[in-house]
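User: I am in my first year of study and would like a close look at a single part of this protein. Please describe the site where the ligand sits, together with the pockets and the backbone features that belong in the same account.

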Amino acid sequence: MSARVKEELKTEVEKLKQSGKTTGLAVVLVGDDPASKVYVRNKEKACEELGIYSEMHRLPETTTEEELLALVDRLNSDENIDGILVQLPLPEHLDDSVIINNIRPDKDVDAFHPVNVGKIMIGDYDFLPCTPAGIMELIHESGVSVDGKECVVIGRSNIVGKPMSMLLLHENGTVTTCHSHTQNLSGVTSRADILVAAVGIAKFVKADMVKPGAVVIDVGMDRDENGKLCGDVDFDEVEPVAGAITPVPGGVGPMTIAMLMRNTVTASKKHKK
Ligand code: NAP
């Protein structure tokens with residue numbers, strides 16, 4: 001699915017180019033977090049595949065707020081740049097929200113700026129945050145209807161859990177959002193027709209937490225006891241119970257990148273106008 005989305009976007013990028021508009025994405029990475037480095041490299045590769053101009057700004061861990069804001073400011077006014085992505089989490093001495101709030105909302109392709117978050121809440125948006133958008137695409141493309149379904153999201157982060165719940169609600173799901181204070185979690189999750197796990201704990205969702213036939217979406221990017229990449233769902237246990245399930249790796253991750261590319265193309269089209 002992600003390959004198909006990217007193929008469609010490649011054509012759109014080419015059309016924009018022919019009409020004189022290049023599409024550009026700037027990615028900013030501060031520090032040496034190994035996972036962030038991999039994510040940034042994957043974003044760079046996707047831009048190359050699609051013919052999107054990309055600028056990678058790799059800054060040292062010691063970068064000050066002033067220096068980072070100066071870069072964001074420069075990218076905000078750079079006509080070659082349609083999208084700006086600051087890879088999170090930032091090192092501890094930098095405040096994520098101060099930086100995000102300074103990205104121009106029409107270049108905020110992660111959709112983390114309060115203006116874009118508010119628009120998503122209302123249901124009138126230009127960009128959707130990439131991970132929940134990718135999940136909705138997976139659900140649609142699989143022919144699953146959300147309308148009237150019991151949807152349970154485990155996790156309430158601003159990046160995944162909350163916007164995910166909102167998108168399912170927009171499509172008329174009956175949505176429950178769970179978190180670390182939820183009582184009787186497995187009682188709640190086993191009601192779900194659509195279960196989204198965004199917890200950040202390896203193999204957290206077990207077979208007895210899943211309703212037979214449920215659609216199970218695994219957002220987790222965790223490490224198992226051997227250091228191998230795995231999800232929040234115990235795939236081997238849950239796969240026989242679920243009606244459909246996304247694997248890790250190769251599920252939500254590639255769709256997230258495809259949606260980032262889509263947001264960048266959307267921004268480029270808006271800037272062309
Ligand atoms: P996060 O900010 O750490 O949020 C985790 C959420 O899980 C919190 O809301 C937390 O509840 C909840 N939680 C923790 N322990 C729980 C428990 N025992 N029972 C029920 N809920 C519990 O994480 P995130 O940024 O949303 O990311 C979640 C996972 O998705 C991570 O593995 C991350 O690497 C992955 N991820 C993947 C992609 C992708 O593209 N595939 C993108 C983003 C994130 P509280 O709010 O009460 O603390």
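Analyst: The description may begin with one contact: a polar backbone atom of M221 lies 3.0 Å from an oxygen atom of the ligand. The model is a predicted one, and every distance given here is computed from it.

Two side chains also make contacts of this kind. In S157, an N or O atom of the side chain is 2.5 Å from an oxygen atom of the ligand. In T256, a polar side-chain atom is found 3.0 Å from a ligand oxygen atom. The ligand by itself would expose 930 Å², and the protein buries 70% of that area.

The view can now be widened from single contacts to the whole shell around the ligand. This shell consists of 22 residues, and the ones that come nearest are R156, S157, S180, D222 and T256. S157 and T256 are thus named among the nearest residues, and each has a side-chain atom in polar contact with the ligand, S157 at 2.5 Å and T256 at 3.0 Å. Sorted by class, the shell holds ten nonpolar, ten polar and two charged residues. Helix α10 contributes the largest share of the shell, namely three residues.

The next topic is the largest pocket. Its space amounts to about 1,100 Å³. The lining is made up of 42 residues, and those nearest the centre of the pocket are Y39, T131, V219, M221 and T256. Two of these names have already appeared: M221 has a backbone atom in contact with the ligand, and T256 has a side-chain atom in contact with the ligand. Several elements each supply at least two residues of this lining: α2 (34–50), β3 (83–86), α6 (130–141), β8 (222–223) and α10 (252–272). Helix α10 therefore has a place in both lists, since it supplies residues to this lining and gives the largest share of the ligand shell. By class, the lining comprises 24 nonpolar, eleven polar and seven charged residues.The arrangement of the domains gives this pocket its setting. The protein is divided into domain 1 (2–105) and domain 2 (130–252), and their centres, taken over C-alpha atoms, are separated by 28 Å. Each of the two domains gives at least three residues to the lining of the largest pocket.

Where does the second largest pocket lie with respect to domain 1 and domain 2? Both domains give residues to its lining, so the second largest pocket lies between them. It holds about 400 Å³ of space. Its lining has 17 residues, with A111, F112, V117, N158 and I159 nearest the centre. Two or more residues of this lining come from each of α4 (96–100), α5 (114–122) and α7 (161–170), and α5 gives the most, with four residues. The lining divides into twelve nonpolar, three polar and two charged residues.

Some backbone features complete the account. Most residues other than glycine have a negative phi, and most peptide bonds are trans. A111, named above for its place in the second largest pocket, has a positive phi near 60°, and it lies in the loop between α4 and α5. The peptide bond that joins L88 and P89 is cis, with omega about 0°; P89 is in the loop between β3 and α4. Another cis bond runs from V248 to P249, with omega near 0°, and P249 is placed in the loop between β10 (244–245) and α10.

How values were computed
Residues numbered from 1 in each chain as written. Predicted model: local features only at pLDDT ≥ 70, side-chain atom pairs only at ≥ 80, totals over all residues. Heavy atoms only, no water. 1 Å grid on protein atoms, 1.4 Å probe; cavity = no way out; pocket = protein on both sides within 12 Å on 5 of 7 lines; lining within 4 Å. Points joined across faces, edges and corners; volume = space filled by probe spheres on them. Nonpolar A, V, L, I, M, F, W, Y, C, P; charged D, E, K, R; others polar. Domains from an automatic or database assignment. Near = heavy atom within 4 Å. Polar contact = N/O pair within 3.5 Å; in protein donor to acceptor, adjacent residues only side chain to side chain. Areas by Shrake-Rupley, 256 points an atom, 1.4 Å probe, with all protein chains shown as cover.
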